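Colleague: Please take a close look at one part of this structure and tell me how it sits in its surroundings. A connected account would suit me better than a list.

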Amino acid sequence: MTREHRMNGFALSSRPLRHIEQAAALAALALLGACTSSGPATTASPVTAAPTVQAYTGPAPENADVQAFKISLWQNIEAPTMCGGCHHAGGQSPQFARSDDINLAYEAANTVANLTNPSQSEMVLKVGGGHNCWLASPQACADTLTVWIQNWAGSTAVGGTQIKLVAPPSQTVGPSKTFPATSAAFAADIWAPVLVPWCSRCHSDNAQTPQAPYFASANPDEAYAEAQSKINLDDPAQSRFVIRLATEFHHCWTSSCAADAAIMQAAITKFANGIPTTQIDPSLVVSKELSLYQGTVASGQNRYDNALIALYQFKTGSGSIAYDTSGVLPELDLTLSGNVTWVGGWGINIAPGGKAQGSTEASQKLASLIQSTGEFSLEAWVAPNNVTQKNADIVSYSGGDATRNATLSQQLQQYEAEVRSNTTNENGDPPLLTAAANNSAQASLQHVVLTYDPVNGRKLYVNGVFTGDVDKSGGGSLAAWDNTFALVIGSEVSSDHPWAGVMRMLAIHDRALTAAQVQQNFSAGVGEKYYLLFDVSSLVNVPQSYIMLTASELDSYSYLFTRPTFINLDPTQKPSGIPIAGVRIGLNGAEVGVGQAYIPLSSTVTAANYSPVSGQILSTVGTAIAQQKGPASDQIFLTFEKIGSKSHTYASPPPPTPPVPTNSANPDYGARTFDQLLYTMSNITGVPITDSNVASTFASIQQSLPSTPTIDAFSASNQQAVAQLAIEFCSELVNSPTLSAKFFPGLNFAQPAGTYFSSQANVNLVINPLLSNAQIVDSHGVQIATQPTVAAVTTELNALIGQLSAGQNGAGRTAAVTTAACAAVLGSAAIVLH
Amino acid sequence: MRIASKLKPALPRRAARAAASASCAVLLLAGPATPAFADPTSQAQRIYERIAGVDPPDATLTTMVADITGGNALAAAELATSDPSFYNVVLKNFVTPWTNRNQTVFAPLNDYTATVIGMVRDDVAFNTVLSADILYKSNASGLPAVSAANNNHYATAEQNGVDLKATLVATTQSAAYGLPSAATAGVMTTRGGSSAFFINGTNRAMFRFTLINHLCTDLNPIMDITRPPDRVRQDVSRSPGGDSRIFLNNCIGCHAAMDPMAQAFAYYNFDGVTTQETLYTPGVVQAKYLINSQNFNQGFITPDDSWSNRWRQGPNQVLGWSASLPGSGSGAKSLGQELAGSSAFAQCQVQKVFQAVCFRAPQNQADRAQISTMVSGFTGGGYKLKQVFAESAVYCMGP
């Protein structure tokens with residue numbers, strides 16, 4: 001059988017085989033553990049260890065679906081440490097974890113599983129609500145359970161079924177409070193009396209074991225920024241700070257969590273009472289309000305996850321563990337250390353010095369599963385902090401700075417892939433880099449996938465599209481992978497090669513995703529989306545009318561709103577002729593100042609454009625709106641310049657008065673610039689600018705001449721260049737019998753200089769033409785007041801000519817002395833300054 | 001053979017050094033040591049030098065002195081604007097930095113610069129500089145023909161020291177380059193403008209540098225984060241590096257207004273690789289407007305070259321937009337009219353001339369009043385930039 005045939009055969013029955021394969025891998029791990037009696041004892045963590053799979057001895061599964069249930073869900077949950085501890089035969093109903101009869105367990109499981117939409121299974125919702133989760137994070141348990149049910153359901157779980165919009169509670173926009181700009185009141189009421197004394201041993205960046213968020217930081221401003229999402233100003237009892245103590249018993253500092261919670265609540269109440277409420281402007285045309293979490297969850301985007309072996313969705317939002325919710329055991333959970341903080345809307349923000357790393361034991365499943373298929377994919381949603389970081393390891397499965405199985409990294413605006421194989425070295429080199437010209441890495445949220453298969457080797461996809469970069473090393477075998485390496489995000493295992501940015505999802509597959517699968521996962525997006533229904537029934541006089549916005553958390557600081565849509569939940573309604581214009585988004589009783597992308601919106605709901613199923617979309621663009629109190633507390637509403645028969649006119653504030661520039665006094669004279677000097681000297685001497693020697697000299701010194709008249713910028717090098725140009729012009733002047741005769745009438749260049757210039761009359765034959773041609777004097781010989789004085793210039797020139805000619809009677813000396821005198825004037829302030 | 005070459009072994013190096021040092025010595029005696037208490041001759045000389053960059057011929061100086069003495073300094077200044085150096089030197093160096101991204105004055109003469117020089121010479125209304133179907137070329141002999149594919153005509157004219165005042169003749173871009181007349185937009189669509197600001201990138205450079213050069217402001221000083229961001233393109237991340245505060249506090253301040261205006265250039269590109277020509281694709285948006293679409297997939301997708309001026313509301317109303325224009329349109333020509341119709345445009349041109357002639361920015365109330373007077377005269381008198389040079393030179397001719 002050819003390799004291709006074998007692969008196809010595998011693909012046809014990938015799901016069941018996959019679990020057999022996993023079981024085999026786990027068995028191999030168990031054997032490995034049994035054989036390492038000489039090594040140090042390994043204490044199995046109850047959180048991450050795979051449950052013991054007991055031999056099933058009951059009746060055989062009645063059909064393929066029961067078999068799928070058995071291998072996908074049941075064998076993961078039947079252990080006493082899992083659901084089997086209670087929901088066993090004769091135990092608590094429903095007995096879906098019973099081990100005596102898989103068919104009865106299957107029947108019971110069907111009552112609590114939703115195979116069409118696994119995430120909405122009662123079993124998942126129950127565990128997600130905190131019911132006997134076997135991990136520290138109920139969310140992680142729910143996600144893992146979802147994957148198991150998804151695997152059971154196989155292709156029947158489409159997820160992306162029609163979302164049923166549910167009318168939110170009707171809440172009129174009421175008075176609300178927003179956080180003050182400064183931290184002073186927070187520091188006095190909450191930070192100093194409660195947070196610093198009782199929380200700073202962990203929740204401070206200078207704690208011995210820092211635990212984000214740093215709301216007890218020594219810096220009250222930093223603490224304030226971190227604490228706002230934990231405080232509910234409108235209902236202090238619902239603050240996360242209070243709930244964490246009162247009902248979750250999180251590190252209470254006395255024996256009474258209730259008492260500690262009361263202290264916290266009193267502090268928050270005092271802080272909140274000091275903040276005035278914001279009243280909505282009664283003249284505005286407003287919708288009802290709701291919070292993000294009161295929207296309908298827009299879940300069900302289809303991902304291709306059939307080959308998933310590790311998955312990090314970073315939903316936990318707190319703590320120091322990023323859970324592997326792939327459902328493939330053992331969980332390869334990552335420990336966050338250093339500068340790692342959680343990001344709103346799921347994700348972690350990694351700053352230099354931070355990383356998220358798994359244990360080497362748990363990481364073994366990567367090598368085991370990937371080596372058995374010979375191919376894999378690293379799939380990540382990342383937002384690099386910048387495009388100036390080099391050698392920045394985003395995801396690495398490695399043992400050190402120079403030894404790795406696989407690494408995805410950032411090199412400025414390029415992504416880089418290193419994979420160890422028999423065609424590369426132990427460091428995975430030579431690397432595969434995306435083409436520099438493509439600038440593939442951007443400082444924005446990107447979907448980046450590295451795939452590896454034995455034929456093509458490495459391929460990189462960015463935002464669903466193959467970058468086109470071919471792996472010159474080609475494909476090969478991964479047999480040389482080292483299973484003692486660890487999975488790490490944000491740096492090398494040594495903490496070298498740090499990468500700064502936000503990671504919102506990481507998935508590892510033991511198959512090379514196809515281009516279509518990559519595109520599918522890219523299209524599915526990342527993060528939770530909600531449909532927010534803003535009730536406008538009373539504004540348009542049609543019951544159950546809403547403006548629907550698709551909303552999500554863009555990052556820790558903003559919401560992303562997209563696609564405002566008019567929709568009526570009553571399918572029999574056919575709204576028409578409803579104008580909608582000038583839509584603004586409000587938060588907590590006031591319109592938001594920045595990001596109002598729907599102000600220019602102007603549309604009319606018409607019967608022709610309206611669909612009872614999808615409504616009528618009003619705009620296709622999205623916008624970011626800054627969070628104020630966090631997604632649990634921010635009350636969101638819409639206002640309208642016009643909707644139906646209601647309207648509100650927004651007065652345009654008058655333009656501000658233009659500022660008066662305050663320029664300091666400057667000299668009102670300046671230097672002639674390069675071309676001006678060229679033309680000026682040409683005009684004075686009569687030597688054309690096209691003279692070859694002048695042109696040559698000018699070309700070589702042009703940029704050394706003054707480029708600006710600003711006298712402050714005039715430098716010694718400028719003067720040197722001016723002197724060179726002056727000498728060139730004067731040389732050409734003196735060397736031209738025609739020009740020199742015209743310029744220096746009566747001057748005899750054939751005379752010996754020493755003798756000739758001993759006569760002041762002859763010297764004046766040089767000086768006087770210079771004074772007049774350089775317009776130090778006017779045509780009548782009268783001194784021009786703003787020029788250097790004739791006396792000063794004459795004194796300098798007399799001295800110069802005398803010095804150069806004394807005793808010098810050689811041939812050509814008179815011409816040379818004249819050239820020097822000419823250059824002294826042309827290169828002087830008389831010409832340069834004006 | 002040059003005589004100086006023959007003298008080299010004997011003297012020139014020493015003479016040159018002596019000359020240079022003498023120059024420095026004379027320089028120290030001049031300038032600030034000589035107070036600017038001017039007489040009509042000094043005033044005439046300064047007017048001429050500031051306008052033409054060279055000294056006046058004796059006869060001209062005499063005439064100018066008479067004009068000034070007779071109380072008509074403006075006539076003296078207008079005389080100075082007839083010197084060829086005003087065009088070949090002062091205007092050329094005044095305009096050249098506008099025509100390249102480095103804003104350097106050391107760039108070859110091109111059609112952008114030549115067109116401005118021609119418009120000034122002919123007193124063409126300068127508020128058409130961003131919208132007219134206009135081009136100036138030299139009719140001097142020995143020059144290559146004007147070409148859409150190279151700058152040889154203008155570069156050669158400069159090398160040959162061609163008298164621009166005497167040889168520039170008006171033509172149109174549509175005739176010379178084959179660009180549709182409706183697609184011409186003054187200096188923005190000259191080859192010089194296009195090759196500098198339509199090349200590569202996203203065409204936002206054309207908008208930004210037009211602002212810098214013709215409204216005298218970069219984007220940062222007029223950031224307004226309150227404008228609606230509905231037309232900010234997809235290539236602008238709303239969460240750069242995962243932090244949307246950067247977008248909401250900075251990026252949006254420029255992009256919210258720049259992107260809807262730079263949309264006017266959606267059909268333009270400059271091929272700097274093969275043809276070296278401006279590409280104009282009416283009805284087809286250039287690919288550069290659609291790149292990096294996944295940076296913010298929900299951003300604006302440019303469908304055409306319609307533009308909208310969002311600065312007509314908010315604090316940037318102070319730029320003084322014309323009430324007689326609609327504030328929106330399609331294509332570069334109407335955008336050019338919008339920009340050149342603002343009071344900031346007129347203010348900018350006058351202020352640039354003032355600074356070029358007086359060697360300083362307006363620094364006191366008298367200067368600002370003079371600027372205001374000249375702006376009124378400029379806008380009310382047919383946007384004649386030459387007149388502004390003359391008026392500025394008179395104002396700064398000294399007491």
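Modeller: What follows looks at one helix of chain B, then at the side of that chain that touches chain A, and last at a sheet in chain A. The model is predicted. Helix H12 of chain B spans residues 204-214, and 8 of its 11 residues are buried, so this helix is largely enclosed by the rest of the structure. The buried residues are B:Arg204, B:Met206, B:Phe207, B:Phe209, B:Thr210, B:Leu211, B:Asn213 and B:His214. Their cover includes four helices of chain B: H11 (191-197), H13, H14 (331-340) and H15 (343-358). Just after H12(B), B:Cys216 has a positive phi of about 55 degrees.

As for the contact between the chains, 79 residues of chain B are in contact with 93 residues of chain A. Among the helices of chain B that each supply at least two residues to this side are H2 (12-29), H3 (40-52) and H13 (244-262). H2(B) gives the most, with 13 residues. By class, the side of chain B that touches chain A has 42 nonpolar, 25 polar and 12 charged residues.

In chain A, an open sheet of 8 strands runs in the order S4-S5-S8-S17-S10-S11-S12-S13, with antiparallel pairing. Its edge strands are S4 (321-322) and S13 (432-433) of chain A, each of which pairs on one side only. S4(A) pairs with S5(A), residues 334-337, over 2 bridges, and A:Leu334 in S5(A) is the bridge partner of A:Ala322. Helix H11 of chain A, residues 360-373, lies across S8, S10, S11 and S17 of chain A, at about 95 degrees to S17(A).

Key:
Residues numbered from 1 in each chain as written. Chains lettered and ligands numbered in written order. Predicted model: local features only at pLDDT ≥ 70, side-chain atom pairs only at ≥ 80, totals over all residues. Contact = placed C-beta atoms within 7 Å. Nonpolar A, V, L, I, M, F, W, Y, C, P; charged D, E, K, R; others polar. Buried ≥ 20, exposed ≤ 12 C-beta atoms within 10 Å, placed from the backbone. Pairing = 2+ DSSP bridges. Axes fitted to C-alpha atoms, helices over the stretch in contact; angles between N-to-C directions.
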